[in-house]
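Got the viewer open and a selection box ready? Let's walk through this one stop at a time.

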Amino acid sequence: MLLNTRLHPVLDKYVTSVQFLRLRTVKTRNPDGKEVQLAMLTVWDVHGKKLKLVDGANPKGSNPAKEGPNQALDGKKDTKWLDRKKGNLECRIESGFAVVGRYELMTANDMPHRDPVRWCLEGRG
């Protein structure tokens, strides 16, 4: 399932550019579940340019072989990131600082109870 989100326009004159992103899953389809998975995280800047995400990390996570955090950043819908501890997905924008204008999440192709249904995308310098 593709989840497409446009960020709300900035309402003041200060726009925050970020270099690092963190996807924090608040809830999965199974609210009592301890796992989260994602096929793809894709991000664009405010001008519509697709931003390459690198250096995937899942601090304190538990990932099976070939299902680590970089699999959510590789642009392939047939790979996935799986964390058995329902932790955060962290990454860096390869080109440096950018103002994020839009992002998409694509859920993995199996085990829908692991799909995120509520999340927060956070950025920092």
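## Stop one: a pocket

Start with strand β4, which gives four residues to the lining of the second largest pocket, the most of any element. Keep in mind as you click around that this is a predicted model.

To see the whole lining, select M40, L41, T42, V43, K50, L51, K52, L53, A72, L73, D74 and G75. Two elements give two or more residues to that lining: β4 (40-45) and β5 (50-51). The volume of this second largest pocket is about 160 Å³. Colour its lining by class and you get seven nonpolar, two polar and three charged residues.

## Stop two: charges over rings

Next, select W44 and R102. The charged end of R102 sits over the W44 ring, 3.8 Å from the ring centre. Stay on R102 and add E104: these two side chains form a salt bridge, 3.0 Å from N to O. Are they buried or exposed? Both R102 and E104 are buried.

Now jump to F20 and R124. Here R124 lies over the face of F20, at 4.5 Å from the ring centre. If you go hunting for aromatic pairs as well, the count is zero.

## Stop three: salt bridges

Side chains of opposite charge can pair when their charged atoms come close. In this model the salt bridge count comes to nine.

Select E122 and R24. Their closest N and O atoms are 3.1 Å apart, and the two form a salt bridge. What does this pair tie together? E122 belongs to strand β10 (residues 116-124) and R24 to strand β2 (residues 20-28), so the bridge ties together parts that are 98 residues apart in sequence. Switch on a surface and check both ends: E122 is partly exposed at 23% relative accessible area, and R24 is also partly exposed, at 33%.

Then widen the selection to R22, R24, E90 and E122. Salt bridges that share partners join these residues into one network.

Last stop: E67 and K80. Their side chains meet in a salt bridge at 4.0 Å, N to O. Both residues sit in the loop between β6 (53-57) and β7 (81-83), 13 residues apart. Zoom in on K80 before you leave: it is buried, with a relative accessible area of 10%.

Definitions and conventions:
Residues are numbered from 1 along each chain as its sequence is written. This is a predicted model: local features need pLDDT of at least 70, side-chain atom pairs count only at pLDDT 80 or more; totals for chains, interfaces and linings use all residues. Side-chain values use heavy atoms; hydrogens and water are left out. Rings of Phe, Tyr and Trp (its six-membered ring) pair if their centres lie within 6.5 Å; planes under 30 degrees apart count as stacked, over 60 as edge-to-face and the rest as tilted. A charge sits over a ring if NZ of Lys or CZ of Arg is within 6 Å of the ring centre and within 35 degrees of the ring normal. On a 1 Å grid over the protein atoms alone, a cavity is a set of points where a 1.4 Å probe fits but cannot get out, and a pocket is an open set with protein on both sides within 12 Å along at least five of seven lines; lining residues have an atom within 4 Å of a point. Grid points are joined across faces, edges and corners, and a volume is the space filled by probe spheres set on the points. Ala, Val, Leu, Ile, Met, Phe, Trp, Tyr, Cys and Pro count as nonpolar, Asp, Glu, Lys and Arg as charged, and the others, Gly among them, as polar. Buried means under 20% relative accessible area, exposed over 50%, partly exposed in between (1.4 Å probe, protein chains only).
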